[in-house]
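Colleague: I would like a close look at a single part of this model. Please take me through it step by step.

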Amino acid sequence: MNWIKKLHWQIIIGLVLGFIWGIFAPLYNLQQFTADFIKPVGTIFIKLLQLVAMPLVIASLIVGIGKLGDIRKLSRIGGKTIGIFVLTTTLAISIGLVSVNLIKPGEALPEATRDRLMSTYSDKAETREQAAEQVLEQGPLAPIVNLVPDNFINAASSNTNMLQVLLVAVLFGVVLLQIPGQKSQLLFNFFDALNDVIMKLIDYIMLMAPYGAFALIASIMTELAGEDPMETFNILSALALYCVAVVAGLLLHLLVVYSSIVKGLGNTGFIYFMKQMRPAFLVAFSTSSSNATLPVTMDCVTNKLKVKEEISSFVLPLGATVNMDGTSLYQAVAAVFIAQALGLDLTFTDQLAIILTATLASIGTAGVPGAGIVMLVIVLKAVDVPVEGIALILGVDRILDMIRTVVNISGDAAVSLAINRMEECSQKI
């Protein structure tokens, strides 16, 4: 029974028990009990992870830059990282388009089901549309303007401002390299010690992971079931082909693109990679948040995959914000599915527009649950598909969000491994 002492098995047990609870809770009228006494445990777990995310990014990135000791190395790593991110995102969207065009889930959706879904989720769809309108009203340079914080304390107080904190930490680390040795070393030692404290704190937080996973899945399943579990089952059945198209695309991207990066560029076995990343995958699945999972991802990549801290501390926080391959793939599938369901024919040019728009949108997609829906509205507007159509997919969005978050962090870890290997090879030359 030694296997049960391993953290990933404990989290899996928590997920399974949470799923079972979520199925039976509505049958015994335990929805309110779940909301009052079980869901808070999952909320506390997420908050604890978010609590250490920002300090971890700041400390590890500054320490990493100090260990690099050369600004040119940082710019080289940054260039390679962004280049691979853009490439994998483009491939993810292309795979998504192939999947949805082959399966054609929208054409199989009955008209009566379509009308019922549109009516049920129309209010939520309108809310997402309003949020997207606010993004579209911003100027073309708004993403660059928003990158620079006017108050670092305010920026660091929200996990949605990861890019702002990343920028400040990089600037701080680079400037420290310009300060005479003894003074700068004092600060580097402080952040190095702070980084060690945070990593130890993560170990303690992860002791709560099995209970947090149970609570999160139990509450999600209970909320999805609502008052009538059969209605939820009917929605899942109606959208089964759509879910198949999304999951098939995600699996293909994981098994083809990421395995090629891990084996070809990272010189690491893909099965070994997957095994070492299990705790992060399970937390990502439970929380549906790349940012909340970031501390666990960094722990797995640095301590289990043995990626140098100066690499992981830069690539992973950047990836948690801008490298959203799973979300981009989902946006491509969703856009074409909605068009098919509404009887619209997207041309080859329209689908090229989806690739471009979804790639750009992924950079602005915050690593928090549900943000991808807002960016989907922008993609739909780019190809003149009625945004009201997102009501068709909102019923299964949270379930698919859990799966695509796992793919998102897989990409961050795979690229970290690749950059680490490429840097090692360049140093030998």
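Modeller: What follows starts with one residue, then turns to a helix and the cysteines. This is a predicted model, where local features need pLDDT of at least 70, side-chain atom pairs count only at pLDDT 80 or more, and totals for chains, interfaces and linings use all residues. Residues are numbered from 1 along each chain as its sequence is written, and side-chain values use heavy atoms, with hydrogens and water left out.

Start with Asp-412. It sits in helix H20, residues 394–428. Helices are DSSP runs of H or I with at least four residues, numbered from the N terminus. Asp-412 has a relative accessible area of 3%, so it is buried. Buried means under 20% relative accessible area, exposed means over 50%, and partly exposed lies in between, using a 1.4 Å probe and protein chains only.

What does Asp-412 touch, not counting residues up to four places away in sequence? Its contacts (heavy atoms within 4.5 Å) are Phe-85, Val-315, Leu-316, Gly-319, Ala-320 and Asn-323. Take Val-315. It is 97 residues from Asp-412 along the chain, yet their C-alpha atoms are separated by 7.0 Å.

Now helix H14, residues 278–287. Eight of its ten residues are buried, so the rest of the structure largely encloses it. Among the buried ones are Phe-281, Leu-282 and Val-283. Ser-288 follows H14, and its phi is positive, near 60°.

Last, the cysteines. Cys-300 is buried because its relative accessibility is 1%. Cys-425, at 33%, counts as partly exposed. A disulfide needs a pair of cysteine sulfur atoms within 2.5 Å. By this rule the count is zero.

Key: Helix = DSSP H or I, 4+ residues; strand = E, 2+ residues; numbered from the N terminus.
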